[in-house]
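Hello,

Here is the structure for you to look at. Please open it first, then read my notes below.

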Amino acid sequence: MDTLKEMKARQQHIRNFSIVAHIDHGKSTIADRILEATHSVTEREMQNQLLDTMDLERERGITIKMNAVEVHYKAEDGETYIFHLVDTPGHVDFSYEVSRALAAADGAILVVDAAQGVEAQTLANVYLALENDLEILPLINKIDLPAADPEKVRQEIEDVIGLDASSAVLASAKMGIGIPELLEQIVQKFPAPEGDLEAPLQALIFDSSYDAYKGVILTIRVKNGIVKPGDKVRFMHSGAEYEVTEVGVHSPYSVKRDYLMAGDVGYLAASIKNIRDARPGDTITMVNKPATEPLAGYKPMTPMVYSGLYPTDNAKYNDLRDALEKLQLNDASLEFTPETSQALGFGFRTGFLGLLHMDVIQERLEREFDMDLITTAPSVTYHAFTTDGQMVEVENPSELPDVGAIKSIEEPYVHAQIMVPKEYVGAVMELAQRKRGEFDTMDYLDDHRVYVKYYMPLSEIIFDFFDKLKSSTRGYASLDYELAGYRQSDLMKIDILLNGEKVDALSFIVHRDFAQERGRLITAKLKEIIPRRNFEIPVQAAIGSKIISRSTIKAYRKDVTSKIHTGDPDRRAKLLDKQKRGKARMKSVGTVDVPQEAFMAVLKTGDDEPKK
Ligand SMILES: Nc1nc2c(ncn2[C@@H]2O[C@H](COP(=O)(O)OP(=O)(O)OP(=O)(O)O)[C@@H](O)[C@H]2O)c(=O)[nH]1
């Protein structure tokens, strides 16, 4: 092992930083270029967005999980520096990952697109970086684009964010321009980590993943002290104790090390089987020489939306639980508790950060764990105040107490911040008002861009607001929001009856002004989606015992194979197979087969007319 003097010298050469940006401004591409320029990967290994390791991330071209890597850079001063680089996601759903990454860094590269300029998430990320006392290094990316206007963006960074951008790096990650200058600025502008090598161990856990052989693997930032294999460590919040089996860094592949010291970012394994023992945010210390105080963790993330996840095959309930537990090891923001539905059987009420997060989890369950799932429509958490003075938290609409027992209902609101070119302000305001928004402020950022703020119900924002915002501003508006407490609203529950039976998993909560309309739209939509049977199926929407709308699915004898005249057994088999697979994503509710799509139908009744 190295001497203390060698360690101190090494510490001076460490730079811990993160890259933050509005979505698609090019963070991951910058990270790729840094890996390339520091020869951390061979050309053969280099593939685009190397740090986006999940298939899903590559396919969608987005970063979902942050990733930490160590690279070595020989600077112009002749010294070799150790960079710990943490890539972060840009989508608003994953801002929690960003805040955790920043807690492990000393500096942040702020990437701004030279054609788009400062966007809503650029600002949100700057605030997060400032909260964490990080040095910020602005970089203007995509200067190769014909529409690029680096000087204008430089001015914008100064005016809108208030950062000195006079020495901002002008770069094109795509063409490899500006990367040498960036590497030098990282050395010069970001501080070496502070931290006492001889003090008791304090290491912050900021991420975890699961390995079948090594158990839970923690990504940590050591703030003080040294940790090595064989050490007995304690998790200060959970109190659990383990013996360290391995430490190392990702470079980007795992490389074992003899030790990790104050200033290092790396991984630690200790045959941990239970994720609850070592949650992100906890502090690791030494059993025989403990620190007196844990490090400041971060506030636990509260899910924004909840939805029910049910296996299509009830026998797979335990498999689903195992799969969710495994996913949780990788995703500390995922929450789930068992629930039962009369219609769907046993499943889990699962909390997500947003609809993209929900989509990602669902897809990972299907791909990585081979689950066939029925997902119910997402819902926010309502507060129902009952006539006997209780407050009930309602994560599942079907659990809303009876109308007669409710005094009032509150729903979560957000403060929404929208940046938009001035010619689209009218469209944005109209949309926000239609979504029950309450105007807050409007400021001109410069000659042509406006910053509009609204208070809006979270439920409206989450469902389709962002898509609608994009389409009504030709993609120019950007949005950020944060929770802004609960407010009383005139809300009611709509129940859906199929063939006269209430289907609890289809209930939803809606504002009184939209109740009639939504009831009508959903019965029409369900009529399209639910397959016919050989008897008539009435579809009804009800508030309490009052039916507010009805449609009827006509009787029909369905035999798809009758269309195939003679002997092509192959084709016949294929068709039957297709039909069978379709069935996998259906649930029989009483006498009616309800496909997955039906449970999401309520999301599609925003303000579109259903197809006739
Ligand atoms: N023309 C041009 N395109 C670029 C440049 N840098 C990145 N891009 C492209 O911009 C898109 C987004 O780049 P990413 O690196 O995935 O952006 P990101 O900010 O990491 O996105 P998220 O991870 O989803 O937040 C990709 O299609 C890149 O190829 C550049 O310098 N010039």
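D144 is partly exposed in this predicted model, because 14 other C-beta atoms lie within 10 Å of its own. A residue counts as buried at 20 or more, and as exposed at 12 or fewer. D144 sits in the loop between β5 and α6 (150-161). What does D144 touch, leaving aside neighbours within four places in sequence? The contacts are S172, K174 and M175.

Now look at N141. Is N141 buried or exposed? N141 is buried, because 30 other C-beta atoms lie within 10 Å. N141 belongs to strand β5, which covers residues 135-141. Residues up to four places away in sequence are again not counted in its contacts. N141 touches H25, G26 and I30. N141 also touches V111, V112, D113 and A114. A171, S172 and A173 complete the list. S172 is thus a contact of N141 and of D144.

Both residues carry a record annotation. The unreviewed UniProt entry marks a "binding site" that covers D24, H25, G26, K27, S28, T29, N141, K142, I143 and D144. H25 and G26 are on that list, and N141 touches both.

Next, the whole chain. The domain assignment gives domain 1 (1-189), domain 2 (202-286), domain 3 (305-376), domain 4 (382-489) and domain 5 (492-604). Domain 3 and domain 5 are in contact, with ten residues from domain 3 and nine residues from domain 5. On the domain 3 side, three residues are nonpolar, six are polar and one is charged.

Best wishes

Definitions and conventions:
Residues numbered from 1 in each chain as written. Predicted model: local features only at pLDDT ≥ 70, side-chain atom pairs only at ≥ 80, totals over all residues. UniProt positions renumbered as here; feature names shortened; annotations may be inferred. Helix = DSSP H or I, 4+ residues; strand = E, 2+ residues; numbered from the N terminus. Contact = placed C-beta atoms within 7 Å. Domains from an automatic or database assignment. Nonpolar A, V, L, I, M, F, W, Y, C, P; charged D, E, K, R; others polar.
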